[in-house]
Amino acid sequence: VAGPPPDPDALSARAATGLRAPWFEVSCCPTNLSRTLASLGGYTATADDHGVRLELLTGAEIRTTLGGDRRIGLRVTTDYPWSGRVRVQITETDGAPWQLALRVPSWATGASLVVDGQPRAATPGQYAQADRSWRTGDEVILELPVAPRWTFPDPRIDAVRGTVAVERGPLVYCAESVDVSAGLELDHLAVDTSAPPADAPASPAAVDGPQAVTVPAIAAVGADLPGWPYALDRPPPAAGAARPIRLVPFYARANRGPATMRVFLPERKP
């Protein structure tokens, strides 16, 4: 059951409700955020005598030098993580060969690197590389298959055995009680994994972010519920037809009033 809204005039010792606390006694997030932004350039790309590696797939203007004081410039444009196209344009080079490498996320099965208009397979969890004598204006495009997918936990983890989560690209999604149909509870729902999750229709609600996801949910009964104490204190409703439930990116949760939330949902195949 969702808790009451936090007192906006009081310090919060911990998150005790479905809403974000106005201020915590230990305000670690602002300082961590400022440190991260100040050092972001060091995480975005690395360089050595052989070339440049893009570690973070984010929009950026990159200027660096290789061995022998060779000046290299790159412009990265992308709408990632909402879409999977990462475009890299060479803005400065000296005409000698060097290597451009882009990190391919481990989830990106089916990714490809397009060089000179020719796609080549890119292996998830490795770097997609292109070696050549680059010219100013040359472009390389990394195409990532950004689509909703089921993510199954290791069955040796007791707390999440028999459940499943939803990811889309690098984003983790969650279900909130405000998106559950009237008369049902989030703890009494299981998801049908016989079909893949799908992108939800565009919504004007900013809290959903650019892309929400829908999954087919079923009112769970009996053995369909995980054996967690908080799920057994009241009888579940009778099982009915699958109905879609909306999931939002985890970062966007707790913006629509007090609510309960789950990332790992019980799995059930009808």
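In the predicted model, Trp-98 is buried, with a relative accessible area of 2%. Trp-134 is likewise buried, its relative accessible area being 1%. Both values fall under the limit of 20% that defines a buried residue.

The count of aromatic pairs comes to one. This pair is formed by Trp-98 and Trp-134, whose ring centres are 5.8 Å apart and whose planes meet at 45°. The arrangement is classed as tilted because an angle of 45° is neither under 30 degrees, as required for stacked rings, nor over 60, as required for edge-to-face rings. The pair links distant parts of the chain, as its two members are 36 residues apart. Trp-98 belongs to strand S6 (residues 97-103), whereas Trp-134 is found in the loop between strand S9 (127-133) and strand S10 (139-143).

Strand S10 is also part of an open sheet of six strands, arranged in the order S3-S4-S5-S10-S7-S8 with antiparallel pairing. The edges of the sheet are occupied by strand S3 (60-66) and strand S8 (118-121). Each of these has a single partner strand, so one side of each is left without a neighbour in the sheet. On average, neighbouring strands of this sheet are turned by 25° against each other, direction ignored. In general, the strands of a sheet pair through backbone hydrogen bonds, either parallel or antiparallel. Within the present sheet, strand S4 (residues 70-78) and strand S5 (residues 85-92) run antiparallel and are joined by six bridges. Arg-75 has Gln-89, in S5, as its bridge partner.

Attention now turns to the surface. A nonpolar patch is formed there by Leu-33, Leu-37, Leu-40, Tyr-43 and Leu-56, which together have about 470 Å² of accessible area. Helix H1 (28-38) and helix H2 (40-44) each supply at least two residues of this patch. Tyr-43, one of the patch residues, lies in helix H2. The relative accessibility of Tyr-43 is 48%, so this residue counts as partly exposed; a value over 50% would be needed for the class of exposed residues.

Gly-41 is likewise placed in helix H2. With a relative accessibility of 55%, Gly-41 counts as exposed. The C-alpha atom of Gly-41 is separated by 8.6 Å from that of Ile-62, although the two residues are 21 residues apart along the chain.

Note on methods:
Residues numbered from 1 in each chain as written. Predicted model: local features only at pLDDT ≥ 70, side-chain atom pairs only at ≥ 80, totals over all residues. Heavy atoms only, no water. Patch = residues over 30% accessible without salt bridge, like charges linked within 9 Å, V, L, I, M, F, W, Y side chains within 5 Å. Areas by Shrake-Rupley, 256 points an atom, 1.4 Å probe, with all protein chains shown as cover. Salt bridge = Lys/Arg side-chain N within 4 Å of Asp/Glu carboxyl O. Helix = DSSP H or I, 4+ residues; strand = E, 2+ residues; numbered from the N terminus. Buried < 20%, exposed > 50% of the residue type's maximum accessible area, 1.4 Å probe, protein only. Phe/Tyr/Trp six-rings, centres within 6.5 Å; stacked < 30°, edge-to-face > 60°. Pairing = 2+ DSSP bridges. Axes fitted to C-alpha atoms, helices over the stretch in contact; angles between N-to-C directions.
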